[in-house]
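Hi,

Here is the structure I promised to pass on. Have a look, and my notes follow below.

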Amino acid sequence: MYRKSYPWSDIIQARGVVSLYKDLELELITCSSTNQEELENNMYGSHKTDLIVKYYDQAFGISGEAELAWYLSMVDASGGPVLDLACGTGRLAILLANEGYEVTAIDQSAGMLDQFKAKLQGHSSELAERIHIDHQKMSDFELGMKFNTVICCDAFFHNLTVDDEISCLSSIVRHLTTDGHFVFNLPNPTCDFLLRSVASAGRDFETRGRYPLEGSSDNLLVEQAQSCDLQQQLITTTLRITRYDPQGNEVEKGESNWMSRYLFKHEAIHLLYGCGLEVRSLVGDYRNGPITEEGQLIFDVKLINTDIV
Ligand SMILES: C[S@@+](CC[C@H](N)C(=O)[O-])C[C@H]1O[C@@H](n2cnc3c(N)ncnc32)[C@H](O)[C@@H]1O
């Protein structure tokens with residue numbers, strides 16, 4: 001249950017930022033709720049139709065060694081069993097199972113989980129047996145056991161409403177052991193981040209990256225266009241993914257959308273507190289550096305009082 005004594009000062013502060021942008025007469029684009037629901041349910045859909053799913057490992061799940069090493073070190077400190085929330089194609093779950101941890105991995109996308117299961121076939125049966133995959137939403141899940149570590153890498157921001165964030169955190173609290181840790185990352189919505197998001201609204205597609213495709217001479221061009229709803233703190237990203245052969249001919253092309261909801265640093269801290277979790281450490285990058293304009297918000301949190309849940 002959410003604590004009643006929620007401090008609203010950060011929300012008021014966030015509204016202050018909204019009026020600032022309104023004063024600057026920047027364009028706000030808002031999504032209708034039906035549109036949002038449709039987008040939410042179709043994010044990372046089927047790998048047969050959604051090129052994000054098909055090419056996730058080559059073009060999206062590539063944040064690097066430091067990220068994987070940081071999550072592994074956090075699990076080493078608090079131990080297994082581990083719950084990998086919004087596990088995607090199993091990047092972290094497979095790494096952790098390889099280190100001997102029992103991992104339960106959930107995700108709402110059947111397509112991402114199909115890719116994950118296909119990847120497991122290339123690993124030993126001992127490793128595969130340590131991984132338990134479940135098709136569930138992170139906003140409200142029930143797994144019937146507790147975990148010493150819950151991780152949510154590059155995904156908590158896919159909770160698109162305050163209700164979903166609270167419900168997700170409450171589900172996490174129900175699944176943590178008394179000394180368990182929840183570790184996750186969020187983007188850091190600095191002024192620059194907000195200005196860029198608003199300024200990019202309505203603009204043409206911009207290049208996000210170009211990626212060689214393993215086992216082929218083809219390459220992938222990923223372009224993106226964004227719209228931003230400052231009132232709801234939502235960013236909608238449309239990705240255009242084009243695969244080219246070595247001669248530069250288009251082989252495959254598709255568009256997909258994803259949505260994310262950003263949280264301000266203190267808003268996130270209060271939200272966690274309101275749900276019964278306290279911040280043990282908050283760093284700005286995967287080398288445990290300070291929070292900066294360019295970095296993220298990377299949290300290690302623990303239960304504060306199990307009586308309230
Ligand atoms: C950027 S990917 C991250 C995947 C993985 N954690 C990683 O680090 O590679 C985001 C994942 O969140 C999943 N997702 C989005 N909304 C979700 C929800 N409400 N419940 C469960 N999974 C969700 C997507 O299907 C996708 O697999």
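In helix α11, residues 265-274, the buried positions are E267, A268, I269 and L272. After α11 comes G276, with a positive phi near 95°. Bear in mind that this is a predicted model.

On the chain as a whole: the secondary structure adds up to 11 helices and 11 strands. The protein chain has 309 residues, and 36% of them are buried. If you take the contacts between residues at least 6 apart in sequence, 68% of those link residues at least 24 apart.

I also looked at how α5 and α6 pack. Helix α5 covers residues 65-78 and helix α6 residues 91-98; their axes come within 11 Å of each other and cross at roughly 50°. That angle falls outside the roughly parallel, antiparallel and perpendicular ranges, so α5 counts as oblique to α6. The crossing of α5 past α6 is right-handed. On the α5 side, L68, Y71, L72 and V75 make the contact, and α6 brings L92, L95 and L96. Sorted by class, that contact between α5 and α6 has seven nonpolar residues, with no polar and no charged ones.

Then there's the ligand. How many residues surround it, and which are the closest? The ligand has 19 residues around it, and the closest are Y44, A86, G88, S109 and H158. The shell around the ligand is mixed in class: nine nonpolar, six polar and four charged residues.

Cheers

Definitions and conventions: Residues are numbered from 1 along each chain as its sequence is written. This is a predicted model: local features need pLDDT of at least 70, side-chain atom pairs count only at pLDDT 80 or more; totals for chains, interfaces and linings use all residues. Axes are lines fitted to C-alpha atoms, for helices over the stretch in contact, and angles run from 0 to 180 degrees between N-to-C directions. Helices (H or I, at least four residues) and strands (E, at least two) are DSSP runs, numbered from the N terminus. Angles under 35 degrees count as roughly parallel, over 145 as roughly antiparallel, 65 to 115 as roughly perpendicular and the rest as oblique. A crossing is left-handed if the near helix is turned anticlockwise from the far one by less than a right angle, and right-handed if clockwise. Two residues are in contact if their C-beta atoms, placed from the backbone, lie within 7 Å. Ala, Val, Leu, Ile, Met, Phe, Trp, Tyr, Cys and Pro count as nonpolar, Asp, Glu, Lys and Arg as charged, and the others, Gly among them, as polar. A residue is near a molecule or strand if its C-beta atom, placed from the backbone, lies within 6 Å of it. A residue is buried if 20 or more other C-beta atoms lie within 10 Å of its own, exposed if 12 or fewer, and partly exposed in between; C-beta atoms are placed from the backbone.
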